[in-house]
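Welcome to a short tour of one protein chain. Please keep the sequence and the 3D view at hand while you read.

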Amino acid sequence: MVLKPRFGSWGRDVALCRTPADVDDTLAELARRNWFREHGVLAQELVPPLGWDLRIVVAGGRIVGAARRIARDGEWRTNVSLGGVSEPVTPPPLARSLALQAAAAVRGDLVGVDLLPTRAAFVISEINGAVDFRPRYAIDFDDVYTDAVLQLLRVAHARRAAA
């Protein structure tokens, strides 16, 4: 399993536990952290790492950016801050659909949806409300930031008109 903070980023304090003893040791270590005492820890079933994942950025119900994140050699996490690399990608239809459904499920106006590949599909790993994304994530426009703002403004105007 994987233990990780409820609110975190860059792979910090994310631990892979292969045995019950690993879980006990990791929990004892994390218990010293302020965030742990306040929020506890999330436990996720390990999706066998394939060395990469997808981050899809959804703004206003539309996909505005995506990247394939590749783990550095010897690392199971794909975070760029841990030596991984990020490359632009056009996500496949299944990944696009999952990301849009995940964003809608949490009513996220601007979110990053992290998808882990399996041999047959994808598993949603996280939905990030404070998503970190880069210019190279752009899909339909040259500037992912402008595209995100335009989509958010479109939604805000539609909500105002409906009110």
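What follows goes from the overall fold to charged pairs and then to a few single residues.

## The chain as a whole

Please keep in mind that this is a predicted model. The chain contains 4 helices and 8 strands. If you trace them along the sequence, they come in the order β-β-α-α-β-β-β-β-α-β-β-α.

How does the radius of gyration of the chain agree with that of a compact globule? For 163 residues, a compact globule would have a radius of gyration near 15 Å, and the chain agrees with this at 17 Å. Its C-alpha trace spans about 55 × 35 × 25 Å along the principal axes.

Of the 163 residues in the chain, 36% are buried. Among contacts with a separation of 6 or more, 55% are between residues 24 or more positions apart. On the outside, the chain exposes about 9,600 Å², and carbon and sulfur atoms supply 55% of that area.

## Charges and salt bridges

The chain carries 21 positive and 19 negative charges, and the mean positions of the two sets are 4 Å apart. Side chains of opposite charge can pair when their charged atoms come close. In this model there are 12 salt bridges. Three of them are set out here.

| Salt bridge | Closest N to O distance |
|---|---|
| D53 and R69 | 2.8 Å |
| R72 and E75 | 3.7 Å |
| D109 and R159 | 2.8 Å |

Let us begin with D53 and R69, whose side chains meet in a salt bridge at 2.8 Å. D53 belongs to strand β4 (residues 52–59) and R69 to strand β5 (residues 62–70), so their pairing ties together parts that are 16 residues apart in sequence. Both D53 and R69 are buried.

The next pair is R72 with E75, and here the closest N and O atoms are 3.7 Å apart. Are the two partners buried or partly exposed? R72 has a relative accessible area of 40% and is partly exposed, whereas E75 has a relative accessibility of 13% and counts as buried. The cut-off behind this is that buried means under 20% relative accessible area.

The third pair joins D109 and R159, again at 2.8 Å from N to O. Which parts of the chain does this pair tie together? D109 sits in the loop between α3 (93–105) and β7 (110–117), while R159 is in helix α4 (residues 144–162), so the salt bridge links parts that are 50 residues apart in sequence. D109 itself is partly exposed, with 31% relative accessibility.

Salt bridges can also share partners: in this way D13, E29, R32 and R33 are joined into one network.

## Two residues with positive phi

D13, a member of that network, has a positive phi of about 60° although it is not a glycine. Its place is the loop between β1 (2–5) and β2 (15–16), and with a relative accessible area of 26% D13 is partly exposed.

R107 is not a glycine either, and its phi is positive at about 55°. You will find R107 in the loop between α3 and β7. At 76% relative accessibility, R107 counts as exposed.

## Three more places to look

T90 lies in the loop between β6 (85–88) and α3. With 60% relative accessibility, T90 counts as exposed. The C-alpha atoms of T90 and R68 are separated by 8.9 Å, and the two residues are 22 apart along the chain.

S125 is part of strand β8 (residues 122–128). S125 is buried, its relative accessible area being 17%. Which residues is S125 in contact with, leaving aside neighbours within four places in sequence? They are K4, Q44, D114 and L116.

Finally, turn to R134, in the loop between β8 and α4. R134 counts as partly exposed at 37% relative accessibility. Not counting residues up to four places away in sequence, R134 touches V144 and Y145. Between the C-alpha atoms of R134 and V144 the separation is 7.7 Å, with the two residues 10 apart along the chain.

Methods:
Residues are numbered from 1 along each chain as its sequence is written. This is a predicted model: local features need pLDDT of at least 70, side-chain atom pairs count only at pLDDT 80 or more; totals for chains, interfaces and linings use all residues. Side-chain values use heavy atoms; hydrogens and water are left out. The radius of gyration is taken over C-alpha atoms; the globule rule is 2.2 Å times the number of residues to the power 0.38. Buried means under 20% relative accessible area, exposed over 50%, partly exposed in between (1.4 Å probe, protein chains only). Contact means heavy atoms within 4.5 Å. Accessible areas come from the Shrake-Rupley method with a 1.4 Å probe; for residues, only the protein chains shown count as cover. Lys and Arg count as positive and Asp and Glu as negative; His and the chain ends are not counted. The place of a charge is taken as NZ of Lys, CZ of Arg, CG of Asp or CD of Glu. A salt bridge is a side-chain nitrogen of Lys or Arg within 4 Å of a carboxyl oxygen of Asp or Glu.
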